[in-house]
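Good morning, colleagues. Please take a moment to look at the sequence and the model on the screen, and I shall then take you through it element by element.

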Amino acid sequence: MTPPSPILEERPDPQATPSHQGDGDSPSLRPDRPWYATGVLLDAEDFQAEQLYHRSRLAAAMRSLGGCGTLSGLEVGWQPVRPQSANTPARQEEIKVEPGLALDRCGRLIEVPRPACMRLGPWLAGLKEPPSLIRSFSEGGATRQEIVADVFLRFVALPRGYTPALAAGPFDATAAVQPSRIRESYKLWLVPRPGLRNLDEHLPRDPWEDVRSQGTSAERWKKLQQVILSGGPKQDEASRSAGGGDGVDPTALFLARLRIPVGISPAGVITRLPSDVSVANELREFVLSTSALAAWAGMPVPSTP
């Protein structure tokens, strides 16, 4: 039996829903720690439960201490079309994401180990109802048109290393296989943003905004205590603000906002204008390490990331 493609098959992650650790949480949100005893028979479920327990505890600590967002790298850039020459091959217009590391809303690490590219031409050609996606604005006394799109990054678990196994479920197979490894990978995609009244819509909301808005240091400290005692900042609201209503996974991370200059033909086909694509990386959420905070505060103490 030929195993399914590990690229096309995406295995659900039992840790995909953030745990709030309340007394009313379902068992799936509050994994129990396995307890072993001599003579007890173990099966695959016991080992999976142990992995889930340790993963969930680590994720809860990382999410509570650092929040979610970019840890390092993952800069989004635009690369124009490059014609073929004697020394370089031809290149289509691309959106390039540099290698890096991020922490998603479930506390899972997402690593992009090497540069990843998304071709802009095929993406524009595959858009449905192109005229409704175009945003018109005035600049320099002229009316221009563009498509606003956001780059998102999501955790993906990919099965690998298929090995013979007993058939699971209502099957009678002698050549059944199961993955022996799960690779923690990622998925990148572009999401168009039609109907924006201004470019500040559908962006991650600052979960500490109520604290920063206080005037004095004493007032900020008092407000911070209230936020912590009430359960911390509302990360779920920030998630819905960043991606709600467009089919974006609520655990996905917003990386950058693109402004793509385009035109529209009489037949309703999008044409790419020669102007540069604007990329705004600074709108995303960041996770700051202790050494990064020390550098930002100007502390003259050498520290290693």
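Let me begin with a question: in strand 5, which residue is the bridge partner of L103? The partner is L109. Before going further I should state that the model before you is predicted.

That bridge belongs to a pairing I would like to describe in full. Strand 4 and strand 5 run antiparallel to one another and are joined over 4 bridges. A second position to look at is L101, which has E111 of strand 5 opposite. The two strands form a hairpin, with 5 residues between them. Within that turn, G107 adopts a positive phi of about 85 degrees.

Strand 5 also has two distinct faces. I110 and V112 make up the covered face, while L109 and E111 lie on the uncovered one. The residues I have just named as partners of L103 and L101, namely L109 and E111, are thus those of the uncovered face.

The hairpin is part of an open sheet of 3 strands, with the order 1-4-5 and antiparallel pairing. Strand 1, residues 69-73, and strand 5, residues 109-112, are at the edges; each has a single partner strand, so one side of each has no neighbour in the sheet. On average, neighbouring strands here are turned by 20 degrees against each other, direction ignored.

There is another open sheet to set beside this one. Its 3 strands follow the order 2-3-6, and the pairing is again antiparallel. Strand 2, at 76-79, and strand 6, at 116-119, are the edge strands, each pairing on one side only. For this sheet the average turn between neighbouring strands is 25 degrees, direction ignored. Strand 2 pairs with strand 3, residues 94-97, over 4 bridges in the antiparallel sense. To place one of those residues for you, G77 has K96 in strand 3 as its bridge partner.

I turn now to helix 1, which covers residues 44-66. Is its length what one would expect of its 23 residues, or not what one would expect? At 1.5 Å a residue the helix should span 33 Å, and because its end C-alpha atoms are 33 Å apart, the two values agree. Just after the helix, G67 has a positive phi of about 80 degrees.

Which residues of helix 1 are buried? They are L52, Y53, S56, A59, A60 and R63. The element against which the buried residues of this helix pack is strand 4, at 100-103. The helix is therefore linked to the sheet I described earlier, since strand 4 is in the order 1-4-5 and the buried residues of helix 1 pack against strand 4.

Let us take S56, in helix 1, as an example. Its relative accessible area is 13%, which is why it counts as buried. Leaving aside residues up to four places away in sequence, S56 touches Q15 and P31.

Helix 1 also has a part in the second largest pocket, where about 730 Å³ of space lies. The lining of this pocket consists of 21 residues, and those nearest its centre are R11, P14, Q48, Q51 and I182. Helix 1, strand 8 (142-164) and strand 9 (177-192) each supply at least two residues of that lining. Which element gives the most? Helix 1 does, with 9 residues.

Further along the chain we come to helix 5, residues 217-229. Its 13 residues reach 18 Å from the first C-alpha to the last, close to the 18 Å expected at 1.5 Å a residue. The helix is followed by G231, whose phi is positive, near 110 degrees.

My last individual residue is V262, located in strand 10, residues 253-264. Is V262 buried or exposed? Its relative accessibility is 1%, so V262 counts as buried. Not counting residues up to four places away in sequence, V262 touches I134, Q145, E146, I147, I270, T271 and L273. From V262 to S275 the C-alpha to C-alpha distance is 8.6 Å, with their positions 13 residues apart in sequence.

I close with the chain as a whole. It holds 7 helices and 12 strands. Of its 305 residues, 34% are buried. Among contacts with a separation of 6 or more, 66% come from residues 24 or more positions apart. Thank you for your attention.

Notes: Residues numbered from 1 in each chain as written. Predicted model: local features only at pLDDT ≥ 70, side-chain atom pairs only at ≥ 80, totals over all residues. Heavy atoms only, no water. Expected span 1.5 Å × (residues − 1). Buried < 20%, exposed > 50% of the residue type's maximum accessible area, 1.4 Å probe, protein only. Contact = heavy atoms within 4.5 Å. Pairing = 2+ DSSP bridges. Axes fitted to C-alpha atoms, helices over the stretch in contact; angles between N-to-C directions. 1 Å grid on protein atoms, 1.4 Å probe; cavity = no way out; pocket = protein on both sides within 12 Å on 5 of 7 lines; lining within 4 Å. Points joined across faces, edges and corners; volume = space filled by probe spheres on them.
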